[in-house]
Amino acid sequence: MKKLTTLNNGIEIPYLGLGTFLAHGDDCAHAVEFALRHGYDLIDTAQGYRNERQVGKGWKASGRPREDIFITTKISYGNRGYDEALQSFASSLEDLQTEYVDLVLIHWPDIQDFDRTIDTWHALVELQEQSKSRSIGVSNFTIPLIERLLETTDVVPVVNQVEFHTFLYQQDLLAYCQNKGIQIEAYSPVAKARFFDHEDLRKVAQKHAKTPAQVMLAWLVNHNLVAIPKSVNESRILENADIFFELDNEDMQILDHIEPQTRLVKELGVFDD
Ligand SMILES: NC(=O)c1ccc[n+]([C@@H]2O[C@H](COP(=O)([O-])OP(=O)(O)OC[C@H]3O[C@@H](n4cnc5c(N)ncnc54)[C@H](OP(=O)(O)O)[C@@H]3O)[C@@H](O)[C@H]2O)c1
């Protein structure tokens, strides 16, 4: 199976990345180093995770050349606005010890004052023009919010990073984004390890001699979604990388219809459900 997909600006992104939310200190640096040495080429961080310095440290320790790997960071909600985004991004580059990132996202939209979000977007466009980020995108954007953004800009986000897993199969958002050429990047892709006992998941896992986490991640990749599972544990980092296997139609039917469906991350009043 293919390990990379191509974004709407022609840049390739790996289907698998390491998430780093709640990864701190030496645990974070070690997880990044270990992952980059064991099959991961993408690291997902954010200003709000307060671990960009550790991510930079882990990458350097891995010895991987910069151009071999894909680094994503995000402008935090607190740094929204044109000047704030540019200034905070400069610190992100410094902490990450890099001249550029591969992707920078607006972490959360401001639904009370969407103009601020548009200002942040203009800063991201500027960063891309200055080659400080190879591509730019959004996170936690609903369909109406993407529509509002697209009314104000010709630059279509390459990615919308959203919560997406077998227990939150957002078909409408996926169809909409695919139609616009926006890649969905799935966060909380193993649903924070909360549903591994689910009978349907276990059934498919047993059939393929895989774990429930691997099945959840393979389901995403089989839907052509990028997945960024977080772990600071070596064996789980390895487990989460062994996900490039085919699920057949019967498996996909089962996984596409899992109940209950539930959203785990609800912040800033963005989502109705
Ligand atoms: N854009 C956004 O607003 C947003 C929001 C949330 C997350 N994210 C990004 O997406 C990444 C992933 O999401 P997430 O961290 O919320 O959830 P997740 O990756 O679904 O789950 C992470 C949790 O599951 C555990 N885990 C991971 N793999 C496991 C396995 N194979 N077996 C058992 N337990 C396992 C981890 O513990 P251990 O570390 O102990 O293994 C951790 O507690 C984040 O780290 C972050 O980079 C972005």
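A cavity, in the sense used on this tour, is a set of grid points where a 1.4 Å probe fits but cannot get out, and in this predicted model the largest cavity has a volume of about 30 Å³.

**First stop: the enclosed space**

Begin by selecting Ile75, Ser76, Tyr77, Arg80, Ile106, Trp108, Asp110, Thr117 and Thr120, the residues that line the largest cavity. Colour them by class and you should find four nonpolar, three polar and two charged residues in this lining. There is no need to search for others of this size, since the structure holds one cavity of 30 Å³ or more.

**Second stop: the largest pocket**

Next, move to the largest pocket, which contains about 720 Å³ of space. It is lined by 33 residues, and to centre the view you can select Phe21, Tyr187, Ser188, Lys192 and Lys230, which are the closest to its centre. Taken by class, the lining of the largest pocket comprises 15 nonpolar, 11 polar and seven charged residues.

**Third stop: the ligand**

Where does the ligand sit? Display it together with the pocket lining, and you will see that the ligand sits in the largest pocket. A shell of 29 residues lies around the ligand, and those that come nearest are Asp44, Ser139, Lys192, Ser231 and Arg236. This shell divides into 13 nonpolar, 10 polar and six charged residues.

Now show the individual atoms, and take the polar contacts of the ligand in turn. At Lys192, an N or O atom of the side chain is 2.7 Å from an oxygen atom of the ligand. At Ser188, again look to the side chain, where an N or O atom lies 2.8 Å from a ligand oxygen. At Pro189, by contrast, turn on the backbone, because the polar contact definition admits N or O pairs within 3.5 Å and a backbone N or O atom of Pro189 lies 3.3 Å from an oxygen atom of the ligand. Switching to a surface view puts these contacts in context: taken alone the ligand exposes 890 Å², and the protein buries 87% of that.

**Fourth stop: the second largest pocket**

Leave the ligand and select Leu4, Pro14, Asp41, Asp68 and Phe70, which lie nearest the centre of the second largest pocket, among the 20 residues that line it. The volume of this pocket is about 310 Å³. Its lining is made up of 11 nonpolar residues, one polar residue and eight charged residues.

**Last stop: two points on the backbone**

To finish, follow the chain itself, starting with Asn140 in the loop between β7 (136–139) and α5 (143–150). Here phi is near 60°, a positive value in a residue other than glycine. Then go on to Pro260, found in the segment after α10 (249–256). Is the peptide bond from Glu259 to Pro260 cis or trans? Look along the bond, and you will find that it is cis, with omega near 0°.

Terms used: Residues are numbered from 1 along each chain as its sequence is written. This is a predicted model: local features need pLDDT of at least 70, side-chain atom pairs count only at pLDDT 80 or more; totals for chains, interfaces and linings use all residues. Side-chain values use heavy atoms; hydrogens and water are left out. A residue is near a molecule or strand if one of its heavy atoms lies within 4 Å of it. A polar contact is a pair of N or O atoms within 3.5 Å; within protein, one must be able to donate a hydrogen and the other to accept it, and residues adjacent in sequence count only if both atoms are side-chain atoms. Accessible areas come from the Shrake-Rupley method with a 1.4 Å probe; for residues, only the protein chains shown count as cover. On a 1 Å grid over the protein atoms alone, a cavity is a set of points where a 1.4 Å probe fits but cannot get out, and a pocket is an open set with protein on both sides within 12 Å along at least five of seven lines; lining residues have an atom within 4 Å of a point. A molecule sits in a cavity or pocket if more than half of its atoms lie within 2 Å of its grid points. Ala, Val, Leu, Ile, Met, Phe, Trp, Tyr, Cys and Pro count as nonpolar, Asp, Glu, Lys and Arg as charged, and the others, Gly among them, as polar. Grid points are joined across faces, edges and corners, and a volume is the space filled by probe spheres set on the points. Helices (H or I, at least four residues) and strands (E, at least two) are DSSP runs, numbered from the N terminus.
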